[in-house]
Amino acid sequence: MPFLTLGSYRIRYELAGPANGPAYVLVNGLTQYAELWAAYRDALVAQRFRVATFDLLGQGASDKPSLFISQDDQVEALHLLIGELGNGPVFLSGISFGGLLALRYAIAHGERLAGLVPMSTFAELSPQLLLLGNALRTGLILGGTSYLQDLLLPMNLSDAWLKPLLKNLDAVKRQGWLVNDVYALQNLMESFLDFEPLTPKLSSISTPTMILNGEFDFLTPRALHETLRVHIPDSSLVIIPKAYHAFTLEKPALTADLLSRFAGDVLAGRWQGNKAIWIAPDEPGGAMIPFPAGHDHLRAIPASGTAT
Amino acid sequence: MSQFLGPLDSSGRVPPHQQTRVASFLMSLHGALARQLAIALPGQLKAGWQTELNAQLHREAEIVSLLLRATTWVPDLALPWPALSWEAAWLPKPVEGVADVRDALAIDIAALGHAAHGVIRPAALLPVEAQAQDPFVMALRRIEFESGRLIQAQILFLKNDDLKPLRHAVSSAVETRHAQVRKLWTEMLDGIGVRRSDPTIG
């Protein structure tokens with residue numbers, strides 16, 4: 001199990017795939033751990049990508065600072081990891097909290113990236129997200145990691161995914177519960193206490209950017225992704241049909257295919273963001289559909305209106 | 001070596017020699033915290049967060065009482081030496097870099113409490129087959145569950161704005177206590193045939 005050294009802390013990471021291939025770096029969400037990207041690693045390595053996964057500072061087998069974790073340190077850890085990948089093209093993708101860190105990295109070191117894929121993420125704390133975050137933190141404090149998982153699972157996953165697992169949810173939760181500690185998760189959540197919105201800096205991201213948002217994402221709804229689309233110049237917003245916040249867990253084959261196609265388009269010089277809005281296919285390999293003209297993509301009903 | 005306690009008996013209970021060693025360690029640590037809190041708590045509380053410490057004092061004593069009754073004890077002739085080293089380790093050590101001795105001691109007690117409730121995950125030692133209604137199993141789960149709340153008193157104090165000028169000394173003291181508690185906990189588990197794959201957990 002290799003580790004990077006960040007000051008006095010160790011960051012656990014894994015590399016897979018050909019050393020000379022274009023790289024994909026995948027950044028965990030708040031309660032996740034590197035092994036949850038296994039399906040992505042396998043799918044992307046099969047497409048000749050090199051895949052880097054890691055546990056954030058405070059997660060899994062990485063060190064867990066006892067009192068304070070700064071988001072700047074997380075970006076620095078990401079920078080160290082990307083430094084391990086040589087000089088080839090690097091595509092960076094992150095989910096939720098990991099998407100925020102990917103955005104921070106692109107703002108600070110965008111020149112190192114060939115492409116950026118923020119998923120289920122945000123650049124600012126809307127009142128809803130702020131209050132939800134506070135409530136989730138209180139849930140963690142009062143009920144522990146298990147209770148936090150109980151809140152997140154129904155919020156972020158579909159009935160179709162949950163139904164067959166209802167009688168076995170403890171097994172689903174167990175690994176995340178084992179590897180994540182309450183105080184460390186709390187430190188990760190409290191790294192938002194002095195959070196400054198990234199929105200004013202998004203326009204500095206010149207990297208090709210594909211923004212992925214689940215159709216039914218409750219935790220980080222469409223409006224938060226719209227902020228990214230409007231401000232990142234070479235971006236497109238792709239809506240994943242019938243998907244919730246944690247679609248990376250629920251639809252790994254489709255999402256890995258989208259990641260691979262995006263990187264292929266960028267490397268072939270075909271990518272044009274144009275701040276366009278697309279609807280992803282239901283299955284891997286399907287066609288992307290332009291969002292119907294004349295309808296408002298921020299609404300859940302087919303209301304007329306145009307993108308801002 | 002296994003990552004979990006066991007092998008369990010046919011009823012899903014943890015072997016008594018493992019119960020004895022784990023409970024001894026936890027009683028030593030939580031007993032030390034109870035004693036230190038009893039001495040450190042002022043007769044008249046000065047700040048809101050100290051109400052949490054008062055609650056913690058009684059919860060630490062409750063943990064000791066619970067383990068005393070929930071554990072299936074067996075004679076353990078190898079216990080006295082590690083038990084002495086545990087007790088010595090928990091002794092208060094004024095934190096370096098803090099001029100006020102009372103503050104330096106209070107920070108150390110809080111650092112030890114943070115380590116006790118943050119590093120140690122007794123429920124994470126239980127295999128999924130453990131008998132949920134067994135008193136020892138339930139005690140370990142309860143201790144871990146309560147730790148998530150009890151650590152809040154330490155967090156409130158150690159992250160308090162009053163200690164901001166001492167942040168480096170405070171963080172260093174907490175990391176030192178974490179490393180110490182983790183080392184002793186890991187050694188104790190090694191002694192009963194349990195080795196966590198990741199030294200930062202369990």
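Tutor: Axes are lines fitted to C-alpha atoms, and angles run from 0 to 180 degrees between N-to-C directions. The model under discussion is predicted.

Student: At about what angle does helix 8 of chain A run to strand 7 of chain A?

Tutor: Helix 8 covers residues 222-231 of chain A and lies across strand 6 (115-119), strand 7 (209-214) and strand 8 (235-240) of that chain. Relative to strand 7 of chain A, the helix runs at about 175°.

Student: With which strand of chain A does helix 10 of chain A make about 155°?

Tutor: Helix 10 (residues 252-267) of chain A packs on the sheet. Its contacts there are strand 3, strand 5, strand 6, strand 7 and strand 8 of chain A. The angle of about 155° is made with the direction of strand 6 of chain A.

Student: Which strands stand at the edges of the sheet in chain A?

Tutor: The sheet is open, with mixed pairing, and its ten strands follow the order 1-2-4-3-5-6-7-8-9-10. A strand at the edge has a single partner, so one side of it is left without a neighbour in the sheet. In chain A this applies to strand 1 (3-6) and strand 10 (289-290).

Student: In which sense do strand 3 and strand 5 of chain A pair, parallel or antiparallel?

Tutor: Strands of a sheet pair through backbone hydrogen bonds, in one sense or the other. A:Leu26 stands opposite A:Ser93 in strand 5 of chain A. Strand 3 (residues 23-27) and strand 5 (residues 90-95) of chain A are joined over five bridges, and their sense is parallel.

Student: Which element gives the largest share of the largest nonpolar core?

Tutor: This core has 139 residues, and those with the most contacts inside it include A:Val25 and B:Leu26. Beyond its neighbours within four places in sequence, A:Val25 touches A:Ala52, A:Leu81, A:Ile82, A:Val90 and A:Leu92. The largest share of the core, eleven residues, comes from helix 5 (residues 135-158) of chain B.

Student: What radius of gyration does chain B have?

Tutor: Chain B contains six helices and zero strands, and 42% of its 202 residues count as buried. Its C-alpha trace spans about 55 × 30 × 30 Å along the principal axes. A compact globule with 202 residues would have a radius of gyration near 17 Å, and chain B agrees with this, at 17 Å.

Student: How many nonpolar residues has the side of chain A that touches chain B?

Tutor: The contact takes 14 residues from chain A and 18 residues from chain B. Helix 4 of chain A gives the largest share of chain A's side, three residues. By class, that side has two polar and three charged residues, while its nonpolar residues number nine.

Technical notes: Residues numbered from 1 in each chain as written. Chains lettered and ligands numbered in written order. Predicted model: local features only at pLDDT ≥ 70, side-chain atom pairs only at ≥ 80, totals over all residues. Contact = placed C-beta atoms within 7 Å. Helix = DSSP H or I, 4+ residues; strand = E, 2+ residues; numbered from the N terminus. Nonpolar A, V, L, I, M, F, W, Y, C, P; charged D, E, K, R; others polar. Core = buried A, V, L, I, M, F, W, Y, C linked by C-beta atoms within 7 Å. Buried ≥ 20, exposed ≤ 12 C-beta atoms within 10 Å, placed from the backbone. Pairing = 2+ DSSP bridges. Rg over C-alpha atoms; globule rule 2.2 N^0.38 Å.
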